[in-house]
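Here is a friendly walk through one protein model, best read with the structure open beside the text. Take a moment to turn the view around before reading on.

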Amino acid sequence: MKTIKLLTVLTVLGLTTACVATWGEAHNIKEANADSITIQYDSALASHGRTVALAEEHCAGYGKDAEFVADGMPGLLLGIIETKFNCV
């Protein structure tokens with residue numbers, strides 16, 4: 001039983017590390033343009049508040065405000081949240 005718990009913990013840590021290693025940060029800008037921005041972030045390492053700040057900064061570059069649209073989990077990526085904002 002201890003072996004199963006240990007393997008589970010190591011697997012979860014490995015998945016989290018893989019996401020950060022791939023992106024190099026706790027978040028990833030999936031898509032960004034003058035009209036919107038979509039941000040993926042690892043919920044173990046970043047917060048929704050951080051994505052709001054990133055979206056506000058991005059939209060301000062176009063003289064616009066960030067407006068939250070939706071968030072969810074893309075596919076089977078455990079702990080990864082994808083959040084979309086419109087620039088209005």
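## A helix across the sheet

Helix α2 (residues 48-60) lies across β1, β2, β3 and β4 (80-87), and its direction makes an angle of about 30° with β4. Please keep in mind that this is a predicted model.

The strands beneath this description belong to one open sheet of four, arranged in the order β1-β2-β4-β3 with antiparallel pairing. Its edge strands are β1 and β3 (66-72), each of which pairs on one side only. On average, neighbouring strands of the sheet are turned by 20° against each other, if direction is ignored.

## The β1-β2 hairpin

Let us start with β1 and β2, which form a hairpin with three residues between them. The two strands run antiparallel, and five bridges join β1 to β2 (residues 36-42). If you would like a landmark here, look for I29, which stands opposite I39 in β2.

Another residue to visit is H27, which lies in strand β1 (residues 27-32). Is H27 buried or exposed? H27 counts as buried because its relative accessibility is 13%, which falls under the 20% cut-off. Which residues does H27 contact, leaving aside its neighbours within four places in sequence? They are I39, Q40, Y41, R50 and L54. Among these contacts, I39, Q40 and Y41 are residues of β2, while helix α2 spans residues 48-60.

## Strand β2, covered on both sides

Strand β2 is mostly covered, with seven of its seven residues buried. Following the side chains, you will find S36, T38, Q40 and D42 pointing one way from the strand, and I37, I39 and Y41 pointing the other way; all are buried.

Besides its hairpin partner, β2 also pairs with β4, in the antiparallel sense and over seven bridges. One place to see this pairing is S36, whose bridge partner in β4 is N86.

## An aromatic pair between β3 and β4

How many aromatic pairs does the structure hold? There is one. F68 and F85 form this pair, with an edge-to-face arrangement: 5.9 Å centre to centre and 70° between the planes. Because F68 lies in strand β3 and F85 in strand β4, the pair ties together parts that are 17 residues apart in sequence.

The two rings' residues are worth checking for accessibility as well. F85 counts as buried, since its relative accessibility is 2%. F68, by contrast, has 41% relative accessibility and so counts as partly exposed.

Definitions and conventions
Residues are numbered from 1 along each chain as its sequence is written. This is a predicted model: local features need pLDDT of at least 70, side-chain atom pairs count only at pLDDT 80 or more; totals for chains, interfaces and linings use all residues. Side-chain values use heavy atoms; hydrogens and water are left out. Buried means under 20% relative accessible area, exposed over 50%, partly exposed in between (1.4 Å probe, protein chains only). Contact means heavy atoms within 4.5 Å. Two strands pair if DSSP finds at least two bridges between them. Axes are lines fitted to C-alpha atoms, for helices over the stretch in contact, and angles run from 0 to 180 degrees between N-to-C directions. Rings of Phe, Tyr and Trp (its six-membered ring) pair if their centres lie within 6.5 Å; planes under 30 degrees apart count as stacked, over 60 as edge-to-face and the rest as tilted.
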